[in-house]
Every structure is written in C-alpha cells, then in structure tokens.
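Here are some short exercises for practising how to read a protein structure. Try each task yourself before you look at its solution.

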Amino acid sequence: VSAFFDPELYLRLYAEQAILERSPHERSSWESPLDEAADALSAIGALDDETLDAIVDDYQLALSLRGRESGPPRASRRRSSGPGATVVTTPLIPDRIVTCDQELEQSWGRLHLHYVALGEQSTSLAITAKPMTDSSLGRHGLPVALQQVALTDDRGTTTSAHFSGGGGSGGWRGHLTTNPPLSRTTRWITLGSTRIELCEQEDREPPPVSIESVPGRLAERYLSLRLATAGHLPMIMAPDGVEVSIQTLIAAGALDDHDPIISVAKAVAHSSPVHGLSAQSTLPEPWASLTGGLRSGGGPKGVIPIGVVTPPIDGVTIRFDVLVSTDHDFSVQAATSPRPNSGFMGSGNEARIAWWAEDDQGNHYLGGIGSWSGGLDFGQGMIAFGVPLDPTAGELRLTPTGLSERAVVSLRLLPWAVER
Amino acid sequence: MSVDALRHYPQLDAHVHCAGEIHRLRWHAGELIATDHVDAEGERVLTALGGQRFTCIDALEIWAHHLDDLRILILTRRGPTDQVVWPKPSSDPSVALGTGATVDLLGRQRGSVVFAAPTTAPPSPSPEEQLVGLLALDARLADHLAITVAATWAERLAAGDVRARSARAALTAILHGRVTSTVRSWLGEPDLQVDVDMIDPDAPPTLTRTADGIHAFLPFEWIVNVWGRNPVISDRLALAVLDCNPERLSLLTTDHTFGEPRPLTLSLG
C-alpha cells in the first residue's frame with residue numbers, strides 16, 4: 001500500500017460521492033459498492049475491520065435515508081460471524097459413502113438410490129423418485145410416502161428421514177436425510193420394507209489431500225478470488241463490484257493501473273456464461289475455460305465417493321463427501337466449518353472460498369453454492385459446477401481456494417460407476 | 001469564530017407531537033430547548049425512572065449524547081439537491097423517541113426506514129434509531145443540529161485538539177460532500193468534478209477552475225460560517241465570512257469567472 005494513500009479518507013470520499021450520485025445504479029442486494037471497496041481495503045490490510053465497518057454502516061444508513069442501498073449492516077455481520085465473533089468450529093469427520101445405484105420398486109413408483117452417506121451428524125440417501133400413480137402424490141406432486149420415510153440400521157435403530165430436493169411431474173431428485181444419524185458402520189439399512197445392503201464396491205482409499213500457498217501478489221490474489229466469488233452462481237461476475245475492487249486497489253497502490261490482471265479481470269467480469277467471450281483465447285487459464293461458453297451434455301454419468309476432510313485453508317475446514325456427475329453438469333456434496341464467504345452466502349468478514357476444480361485434460365471449473373444448510377460454525381450442501389465434466393478426463397482435482405491457501409483433493413475418475 | 005457563529009443564526013422552532021399536544025423544540029445559538037416544559041431537567045429524571053414519556057424530553061436526552069457525533073453530518077443533507085427522506089415520527093406518546101424506527105437492516109429499501117406503531121411493549125430503541133428519531137423530528141432542525149456539531153469540530157480543529165486530528169479524514173469527507181453539492185448546484189453542473197482541500201482556518205480560501213473541474217481550498221469552518229446560512233448570494237459563492245454583526249454581514253465571495261475573490265457586504269435587520 002502506498003505511503004501516500006489514506007484508506008479512511010478514500011473510503012469516506014467514495015461514500016460521499018455515492019451520496020451525491022445523481023443516477024445510482026440498480027444493484028442486487030448482495031452487491032454494495034461500499035462493501036466492495038471496504039473488502040478490498042481489508043484484504044490488503046490497509047485499514048482495520050472495525051473502522052471499515054463503522055464507515056460503511058454510517059454511510060449505508062445515510063444512503064438508505066435517500067432511498068438507496070440495501071443489505072445488512074457490516075458491523076453486526078462481523079459481530080456475528082467475523083474474526084472477532086465467537087464462532088465455534090466443528091471438527092469434521094469424513095462420511096462413509098456407499099454408492100448403491102439400485103432401483104427399488106415402491107408401491108407408489110420407482111425409487112433410484114444413488115448412494116448413502118453415513119455421517120456423524122446425519123445419514124443421507126441420494127435418490128431419484130419417479131411416481132407411477134397420481135393417487136400416491138401429495139402437495140406439489142411429491143409422493144406422500146417420501147415426505148417421511150422410516151430408516152432402520154443393523155443395530156435396530158429406526159429413525160425418520162425427510163426429503164429435500166426438487167422436481168415435478170417428471171420425477172424428483174434429492175436426499176432423504178435423518179438427524180440423528182444411523183450407525184456409521186451398519187451393514188445394511190431398511191427403507192420401509194426394502195432392505196439395502198451397504199457393501200463398498202471396492203476398497204477405495206481416500207483421495208490424497210495437500211495444502212498449497214496461492215501464488216501471486218496479494219492484490220492479484222484478492223482480485224482473482226473476488227472474481228470467483230462474485231455472485232450467487234459461479235458465472236455471475238457482477239462487473240460493477242469488480243470495477244470498484246480494481247479502482248480501490250489501484251488507488252491504494254496495491255495494483256498498477258497497467259497491471260495485466262486488470263484487463264483479465266474486466267474481461268472476465270463482463271463475460272457471459274452462455275456465450276463466452278469473443279476474445280476468450282487471449283485469457284489465461286483458469287478463466288479461458290470458464291468463458292468459452294457453456295458446454296451442454298456429454299458428461300459422464302455416475303457417482304464417486306470422496307470421503308475426505310481438508311486441513312483448514314484460511315481457517316476453513318472442508319469435508320468433501322461425494323461427486324455426482326450427470327450428462328449436463330456435476331456437483332460435489334460438501335460441508336465446511338466455519339461458514340465461508342462464497343458469493344451471496346456469508347459476509348465480507350468471513351474467509352472467501354472459491355470452489356475451483358481442474359482436470360487432467362486442462363479444463364478448469366468454477367463451482368458455486370447450489371444448496372446449503374447450517375449455521376455459522378457448520379454447514380453442508382451442494383457445490384454446483386453448472387457444466388458437464390469432460391468425459392475423457394481421468395482425474396479431477398478439487399481445489400477450494402482462499403486468499404492465501406488452497407487445498408488440492410485429487411480424485412480418480414475412471415472407471416465411472418455408470419448409472420442405469 | 002465557529003461556535004460564536006451560531007449566535008448569528010436566527011433561532012428555529014420545530015413543532016413536534018409531545019404528550020398529545022404540539023410543542024416547540026427551539027434551537028438557539030447551538031442550544032436545544034424544550035420551551036413547553038418548564039422543568040425539563042426534572043422531567044428527564046422522571047422519564048428515566050419510568051414516568052410519562054415526552055418527545056421533547058427524549059429529544060433533549062438524545063441530543064445530549066450526540067453533541068459532537070459526526071454521524072449527524074453524515075446522515076443530514078449536503079445541499080439543496082440532496083433529498084433526505086426522514087421516516088415519519090410516531091405520534092404515539094407512550095413510546096420513546098426512535099422506537100420502532102427499526103431501520104430494516106436486512107432489507108433497507110426505498111422508504112423502508114419507518115416508524116411503526118407497536119402493538120406490544122416495544123423494545124428500547126437502539127442508539128442508531130434514537131439518532132434517526134431525533135433528526136426525523138424536523139428537517140430544518142436536523143440541519144441546525146448538523147451545523148452545531150460542525151461548529152464543535154471546527155473549534156477543535158482550530159485549537160489543534162487531538163480528537164480533530166484523529167477525525168481529519170471524516171471531517172475532510174464531510175466538507176467535501178457539502179462543498180461539492182453546493183458548487184454543483186451554484187454552477188448548475190450536477191456532474192461536475194470537484195476536488196476539495198481542507199485548509200487551516202487562517203489560510204486564504206480559494207476556488208479555481210481547472211481542466212478537470214473545480215478545485216476548492218476551504219477550511220472546515222466554512223460549513224458553519226457559510227454553508228449553514230446561505231452560501232450563494234447574488235449568484236456569488238461565499239468562501240468566508242469577513243465580518244458579522246447585527247447590522248451587516250461581510251463575505252468574501254467569488255463568481256463564475258473565478259477571478260480574485262472580493263468582499264460582498266449585506267445589511268442585516
């Protein structure tokens with residue numbers, strides 16, 4: 001940071017300009033320019049978070065009195081979730097994942113069981129349901145029998161599982177989850193009157209995990225992280241916010257205004273996830289992979305158990321449970337402690353995590369939070385990647401990336417346990 | 001001169017709903033007075049002990065805690081084109097000022113900062129709600145309270161007070177917003193680039209036109225001495241007060257040519 005740069009004055013003058021702005025942009029609720037500027041100043045250590053929070057909150061209130069801005073106050077977010085908060089981290093233990101790929105005939109239709117995840121906190125069955133009779137359907141077309149299902153393990157423990165997921169007349173896809181969990185070591189479970197044997201198909205070792213430092217200068221790393229966690233889905237890049245980050249980093253002297261990362265960041269921020277960029281070939285990876293336009297179809301179909309917990313990256317521990325690949329996209333079931341900032345979820349005071357992945361064919365993928373539940377100290381859900389995996393890839397490396405550290409989880413993809 | 005300058009402001013009466021009546025809250029030379037309460041101090045004590053609530057007394061109590069609160073200058077208007085939409089004060093005499101002014105912090109949308117009549121015992125208003133509640137009583141009173149706070153900080157700056165040195169960035173930004181709003185309005189150029197350097201009170205104030213816009217060199221006390229009264233007179237922008245007494249006001253002013261500033265004297269009264 002330049003010795004001649006006054007970060008507090010910069011942020012306050014920026015806020016005064018926002019007050020006097022004649023035609024303020026319509027912005028989404030998770031996109032506050034003041035927050036953006038404050039986040040950038042915080043990331044490069046230009047000003048302490050308490051001062052940043054106070055300035056942003058005072059001016060957010062002033063802007064709200066002028067019918068502008070939105071979003072929760074920064075200081076209260078920090079008090080509840082930031083570095084000064086009393087967030088209790090939860091030790092994460094890998095789930096036992098058993099892939100099943102079984103078709104179960106039910107009185108109301110067919111239930112396809114993809115895998116069972118037996119964890120410390122819950123037991124979860126990934127299913128696809130296809131009702132055959134209208135009379136079995138409840139509200140919204142979900143089979144009544146799925147709304148609450150009795151599951152029993154080999155210890156005789158019986159508990160109710162509740163469905164979460166989505167679907168419609170063509171079928172339902174989601175999870176039957178129990179809380180409390182069934183026995184992690186059970187050899188079988190019964191679902192209603194159907195017994196399901198839980199035998200691991202092969203003696204699969206957990207994938208190797210390593211931690212790496214993120215290369216590059218601090219400002220460059222922050223900008224890349226900011227780009228990768230911009231919106232509520234991986235490819236919504238929110239160009240206004242990225243522009244604010246760039247201007248702030250330049251003003252602070254943390255970035256030269258001719259730095260190559262700036263043109264890359266602007267090109268990525270203005271890219272379209274569907275159509276890609278005309279100048280995509282000039283972008284370096286990983287961005288070139290993302291801006292080439294969405295591939296549609298052709299992904300390998302199957303489920304790969306992961307069952308691994310990473311060491312903390314920038315203070316966030318991640319548990320990867322299972323990779324699910326379909327024709328049109330892939331996703332990873334995961335849990336974290338504490339909650340990270342991944343786009344719309346979380347706040348500027350929590351560690352940002354970008355859900356990167358790369359394969360051995362040179363493709364890069366960026367995931368976003370598809371569904372999530374939990375609190376500040378623990379949460380779990382689905383990281384959605386929105387595009388299909390390259391069917392020729394033999395290895396996928398999951399590389400969740402923070403500002404200074406990233407984890408690398410190397411998954412062997414082949415052979416796929418192809419679903420029916 | 002800053003706090004002294006407040007004596008040259010005409011007093012202001014704000015009319016507020018208080019205990020089912022319309023009362024006057026008077027601002028005079030930087031003081032806030034509840035003119036319809038003979039024993040305001042005694043009523044403050046009774047209210048604190050759970051007695052009847054009075055809007056006027058609540059206002060005095062809140063103001064006493066924010067005499068030098070720079071947030072008042074951040075929240076209030078910068079100039080004539082800066083429209084602040086204050087939430088409508090509650091007319092319920094039983095609740096503390098600011099109660100229900102729950103700034104909907106999870107979804108501040110246009111006009112969502114509202115006072116809502118509570119249906120059950122309302123929670124005590126937060127300090128932020130209290131402050132907004134005070135300023136929302138009357139927009140003109142809010143301006144006068146802002147000028148009063150500015151006067152306190154102008155004095156601290158002039159005296160080399162360590163608090164003013166610590167708050168220099170905040171004071172500079174506050175001055176910047178008001179100068180920018182005023183100059184843009186004066187020149188009729190709403191998007192004009194305005195740079196502001198906050199100078200010492202004894203340095204000569206200037207305003208110059210540059211290729212990029214306007215560069216102003218003004219002291220923080222300009223807010224108190226000039227901005228709070230009428231910064232534009234006869235299409236000239238006032239840069240400083242040269243002399244002020246009950247009979248006349250002498251100002252250092254500049255015009256659209258940005259030539260050498262020259263005095264402009266007005267007869268008062």
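**Exercise 1: Aromatic rings**

Both A:Phe163 and A:Trp172 are buried in this model, which is a predicted one.

*Task.* Classify the ring pair A:Phe163 and A:Trp172 as stacked, tilted or edge-to-face, and then do the same for A:Phe5 and A:Tyr10.

*Solution.*
- Step 1. Start with the count: over all chains, the structure holds 9 aromatic pairs.
- Step 2. The ring centres of A:Phe5 and A:Tyr10 are 5.5 Å apart, and their planes meet at 55°, so this pair is tilted.
- Step 3. Check the cover of these two residues. A:Phe5 has a relative accessible area of 12% and is buried; A:Tyr10, at 18%, counts as buried too.
- Step 4. For A:Phe163 and A:Trp172, the centres are 6.2 Å apart and the planes are at 80°, so the pair is edge-to-face. The cut-off you need is that planes over 60 degrees apart count as edge-to-face.
- Step 5. Look for a cluster: ring pairs link A:Tyr14 with A:Phe5 and A:Tyr10.

**Exercise 2: Charges over rings**

*Task.* Find which ring B:Arg156 lies over, and which ring has the charged end of B:Arg229 above it.

*Solution.*
- Step 1. From B:Arg156, go to the face of B:Trp153; the distance to the ring centre is 4.6 Å.
- Step 2. From the charged end of B:Arg229, go to the ring of B:Tyr9, whose centre is 5.6 Å away.

**Exercise 3: Two helices**

*Task.* Compare the reach of H3(A) with its expected span, and do likewise for H8(B).

*Solution.*
- Step 1. H3(A) covers residues 49-64, which makes 16 residues. From first C-alpha to last it reaches 22 Å, close to the expected 22 Å.
- Step 2. H8(B) runs over residues 168-187 and has 20 residues. Its reach is 28 Å, close to the 28 Å expected at 1.5 Å a residue.
- Step 3. Now consider cover. In H3(A), 13 of the 16 residues are buried, and in H8(B), 18 of the 20 are buried.
- Step 4. Finish with the ends. At the start of H3(A), a side-chain oxygen of A:Asp48 comes to within 3.2 Å of the backbone nitrogen of A:Glu50. H8(B) is followed by B:Gly188, which has a positive phi near 65°.

**Exercise 4: One residue in a strand**

*Task.* Decide whether A:Thr399 is buried or exposed, and name some residues it touches.

*Solution.*
- Step 1. Locate A:Thr399 in strand E16 of chain A, residues 395-401.
- Step 2. The relative accessible area of A:Thr399 is 1%. Buried means under 20%, so A:Thr399 is buried.
- Step 3. Leaving out residues up to four places away in sequence, A:Thr399 touches several residues, including A:Ala354, A:Trp356, A:Arg406 and A:Val408.

**Exercise 5: Whole chains**

*Task.* Draw up a short profile of chain A and of chain B.

*Solution.*
- Step 1. Count the elements: chain A has 9 helices and 17 strands, while chain B has 9 helices and 10 strands.
- Step 2. Add burial: 55% of the 420 residues in chain A are buried, and 52% of the 269 residues in chain B.
- Step 3. Take contacts between residues at least 6 apart in sequence. Those joining residues at least 24 apart make up 62% in chain A and 52% in chain B.
- Step 4. End with the accessible surface. Chain A has about 17400 Å², with 52% belonging to carbon and sulfur atoms; chain B has about 12400 Å², with 52% belonging to these atoms.

How values were computed:
Residues are numbered from 1 along each chain as its sequence is written. Chains are lettered from A and ligands numbered from 1 in the order in which they are written. This is a predicted model: local features need pLDDT of at least 70, side-chain atom pairs count only at pLDDT 80 or more; totals for chains, interfaces and linings use all residues. Side-chain values use heavy atoms; hydrogens and water are left out. Rings of Phe, Tyr and Trp (its six-membered ring) pair if their centres lie within 6.5 Å; planes under 30 degrees apart count as stacked, over 60 as edge-to-face and the rest as tilted. Buried means under 20% relative accessible area, exposed over 50%, partly exposed in between (1.4 Å probe, protein chains only). A charge sits over a ring if NZ of Lys or CZ of Arg is within 6 Å of the ring centre and within 35 degrees of the ring normal. Helices (H or I, at least four residues) and strands (E, at least two) are DSSP runs, numbered from the N terminus. Contact means heavy atoms within 4.5 Å. Accessible areas come from the Shrake-Rupley method with a 1.4 Å probe; for residues, only the protein chains shown count as cover. The expected span of a helix is 1.5 Å times one less than its number of residues. A polar contact is a pair of N or O atoms within 3.5 Å; within protein, one must be able to donate a hydrogen and the other to accept it, and residues adjacent in sequence count only if both atoms are side-chain atoms.
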